[in-house]
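Here are a few exercises to work through with the model open in your viewer. Try each task before reading its solution.

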Amino acid sequence: MSFEAIAEAIHAVIGSTESEPAILQEPYFAGNEEEYVSSCIRDGWVSSVGAFVDRFERDLATYCQTNHAVVMVNGTTALHATMVAMGVKPGDEVLIPSLTFVATANAVKHAGATPHFVDVETQSMGIDPEALTQYLDKHTQRKGEGLYNVKTGKCIWGIMPVHVFGHPCKLDSLRDVARHYGLQLLEDATEALGSTHCNGAKIGSSGAAIFSFNGNKIITTGGGGALVTDDAQLAKRVKHITTTAKLPHRWAFEHDEIAFNYRMPNLNAALGCAQLEMLPRILQAKRALAKRYIEQFSELENLSIVTEPEGSESNYWLVTLRLENNAYDAQALLGFLHEKNILARPVWKPLHSLSIYQDAPRAPLPQTDHLAKNIINLPSSVKLGLA
Ligand SMILES: *Cc1c(COP(=O)(O)O)cnc(C)c1O
């Protein structure tokens, strides 16, 4: 299969890119976005409190079939503040995949903890529960309440799985692992709003999960993030430490700890309310686009589109092409596609190979290294799926 034929298959799905390049993912505004944002300016409620903040939190919790949502300035701060609220301590280690955006690891560092990289499985591209169990059995030890890394002597606080490109990871099994070893679990669901687990429940419907509303995500607030959880205490605690730990009072400034200002402004929440109204339509377009790519690539040798794990539903935030049997060089293919105005992108450089994380503890990462070389993301914007 030539590069030319791959470009042809992509063009058959997304149309010509001669006059306009096809970028990876652009936001889609077709509802009440302008009206809601304008109303903030009209009414003067643009900043850190306002009706849209409360409404966005309510709507988000309802959408995710859970009880509480706390919105924040972005996904990274939401991960950070929630880990802190869940009790991570400086010096702890947090098990995360290496195949993720750098913010997952950065949030761990912001909390004073250390990312500890573990391998993924190739189907969902999320943490592999079996490999994790084998690894923990061999390399950790229980002492009192805690699970300790034998090599570093540090306490392992928890697991932070990522639903990569919107595909739900094997969360049920990872929850079993967490329970078995006495670990906390916080989902980095920043890419997976609208996806569902294999039991039919929405991502975020139980436990604690973090979303991002950055401009490149499935819906956007400009910049933003949120915790959704069924744990009232956790939601209350995160709200408190992300709003300067101010005690409620009509006029007095009393703060009971040194906390963060991670509040999402009302302007951004207004955009979020309008975008959330659009989400069903956006999901429909994303899934229609993915289906067309899947069909188009089904006959092509050594190539396939990553499909949602069996039983679960992916939001298909990004459509991913697998290059199989070492038949293609991803870098060369990306170069060719960019020549054709198809602005496909590689997956992230695995975090353990970044100089900033080269000393972080890690499990063997064979699948991570394999995937990093053999998948690329294709243009996935909503408008491409509407046609
Ligand atoms: C986008 C993203 C984040 C961070 O979200 P921001 O809102 O950009 O801070 C964290 N983890 C993953 C996997 C992401 O894709």
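The exercises below deal with cysteines, a cavity and a helix in this predicted model.

**Exercise 1.** Find how many disulfides the structure holds, and check Cys-169 and Cys-273.

*Solution.* Start with the cut-off: a disulfide needs two cysteine sulfur atoms within 2.5 Å. For Cys-169, the nearest cysteine sulfur belongs to Cys-198 and is 9.9 Å away, so Cys-169 is in no disulfide. Next comes Cys-273: its nearest cysteine sulfur is that of Cys-40, 8.8 Å away, and Cys-273 is in no disulfide either. Searching the whole structure gives 0 disulfides.

**Exercise 2.** Decide whether Cys-169 and Cys-273 are buried or exposed.

*Solution.* Buried means under 20% relative accessible area. Cys-169 has 7%, so Cys-169 is buried. Cys-273 has 0%, and therefore counts as buried too.

**Exercise 3.** Locate the largest cavity and sort its lining by residue class.

*Solution.* First, count: there is 1 cavity of 30 Å³ or more. The largest cavity has a volume of about 30 Å³. Then list the lining, which is made of Thr-190, Glu-191, Leu-193, Ser-212, Phe-213, Lys-217, Ile-218 and Ile-219. Finally, sort these residues: 4 are nonpolar, 2 polar and 2 charged.

**Exercise 4.** Compare the span of helix H9 with its expected value, then find where H9 bends.

*Solution.* H9 covers residues 266–297, which makes 32 residues. At 1.5 Å a residue, 46 Å is expected; from first C-alpha to last, H9 reaches 43 Å, close to that value. Now follow the axis: H9 bends by about 50 degrees at Leu-279. Look just beyond the bend and you will meet a proline, Pro-280, within four residues.

Methods
Residues numbered from 1 in each chain as written. Predicted model: local features only at pLDDT ≥ 70, side-chain atom pairs only at ≥ 80, totals over all residues. Heavy atoms only, no water. Buried < 20%, exposed > 50% of the residue type's maximum accessible area, 1.4 Å probe, protein only. 1 Å grid on protein atoms, 1.4 Å probe; cavity = no way out; pocket = protein on both sides within 12 Å on 5 of 7 lines; lining within 4 Å. Points joined across faces, edges and corners; volume = space filled by probe spheres on them. Nonpolar A, V, L, I, M, F, W, Y, C, P; charged D, E, K, R; others polar. Helix = DSSP H or I, 4+ residues; strand = E, 2+ residues; numbered from the N terminus. Expected span 1.5 Å × (residues − 1). Bend = angle between axes of the 7 residues up to and from the residue.
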